[in-house]
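Here are a few short exercises on strand pairing and nonpolar packing. Try each task with the viewer open before you read its solution.

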Amino acid sequence: MRRAVGSGVVLGAMILGALASGCGQKQPTQAAGPAGMPAPLVSVSTAVAADVPVYLDEIGKTYAYESVVITPQVGGRITEREFQDGADLKKGQLLFAIDPRPFQAALDSAQAQLAQAKAALQLAQTQLKMYDTLNDTRAVSQLDYETKKNAVDVDKAQIQSAEAAVETAKLNLDYCAIHSPIDGRAGARLVDVGNVVQANSTQLLSIQRLEPIYSDFTITEQDLTRVRQDMARGNTRALVRLPSETDAQARPGALTFLDNSVQNGSGTVFLRATIPNADHHFWPGQFVNVRLVLTTMKDAVLVPNQATQISQQGPYVMVLKPDDTADMRKVELGQRQDDNVVIISGVKAGERVITAGQANVLPGAKVRIGPAGPPASPGASSPKGN
């Protein structure tokens, strides 16, 4: 009896030992994580190499290509207005008319003075011709002869003065009709018919040319050297958009001006881009986003923005090794390109990077890969990076 009991105890001990041994074995279908927990689930994308633009993002403001304030060149009463406020004007188009009657009278008087001067010259020349004949016979004194000769010279000068007065009177009469000096858009008129205006002082109208249009902006003096280098190579271009628009809606323009000095205090340099604006999409005085595209970075490594993380030691990316273990890589970030960011160093093209679930991943630990995210892809650049 005792023997049977002892055999049962031994058999039970053997079964318990076998069960314990089976429970300690690793399950082949589930990766083990820290403290026996399941491996974390992550999403991954593949780093790619592509040619991407190098750019500067700045805030700019638009200005009219040409801007003119119309003022009269003669004074008088406004008798006509030949345009509507806000109208598109053509160069040479009549805008205002000033009462021409006083200037017509001045022209008539100047022409009469010219005719009188010509008659006086004709008489003086006739007298000189007669004195010239008598001078040979010594019938007139030398003084009388020189006096007649001088009278001719004086009358010639009088004619020149009268002719100048006629030209001035004609010019003043022409100034009574005020024409647009440029193609552009009219602002609101500043005077109405019936007002008396003063020459060269009373403002009548503002006209601004909107096609093309300027976008003025500044860069820091630290960026000046590479901007000048790229301008010398002819690679520099500008992309301009309204703040409410996307990067895809930006309009290309040419960098047409770089100031000759750094502004005191701000340490910035003034630049200007010229943008086609036939549809008047941009309006003078608007704030715009300006992207100054300098050059193209060849074979830059791109990863999705969400793959990058920040620690006390700086930015890093969790990279998956071939055996699906995580490797923490310290990286140097470049500019953002749409939903991606350039990796200057730390990751190579073709490597897999974790884009979601990084918070649960420890360096060297295995992970489970969920639905793969799309690989990084180049595109029109979005906000400026670091």
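Keep in mind that this is a predicted model.

**Exercise 1.** Find the order of the strands in the open sheet of four strands, and work out which strands stand at the edges.

*Solution.* Start with the order, which reads β6-β5-β3-β8, with antiparallel pairing. Next, look at the ends: β6 (177-179) and β8 (196-197) each have a single partner strand, so one side of each is left without a neighbour in the sheet. Then go to the pair β3 (residues 76-81) and β5 (residues 94-98), where three bridges join the antiparallel strands. To check the register, take R81, which stands opposite F96 in β5.

**Exercise 2.** Describe how β14 is joined to β15.

*Solution.* Count the bridges to begin with: four of them link β14 (residues 308-311) and β15 (residues 314-320), and the strands run antiparallel. Now look at the connection, where two residues lie between the strands of this hairpin. For the register, I310 faces P315 in β15.

**Exercise 3.** Which residues touch the most other members of the largest nonpolar core, and which elements supply at least two residues each?

*Solution.* This core has 31 residues, and L95, F96, L204 and L205 touch the most other members. The elements that each supply at least two residues are β5, α2 (101-135), α3 (142-174) and β9 (205-220). Of these, α2 gives the most, with eight residues. Now zoom in on L205: leaving out residues up to four places away in sequence, its contacts include V68, I70, F83, L95, F96 and L190. Finally, another core of 19 residues lies apart from this one, with F217, A273, V288 and L292 among its members.

Definitions and conventions: Residues are numbered from 1 along each chain as its sequence is written. This is a predicted model: local features need pLDDT of at least 70, side-chain atom pairs count only at pLDDT 80 or more; totals for chains, interfaces and linings use all residues. Side-chain values use heavy atoms; hydrogens and water are left out. Two strands pair if DSSP finds at least two bridges between them. A nonpolar core is a set of buried Ala, Val, Leu, Ile, Met, Phe, Trp, Tyr and Cys residues joined through side-chain atoms within 4.5 Å. Buried means under 20% relative accessible area, exposed over 50%, partly exposed in between (1.4 Å probe, protein chains only). Contact means heavy atoms within 4.5 Å.
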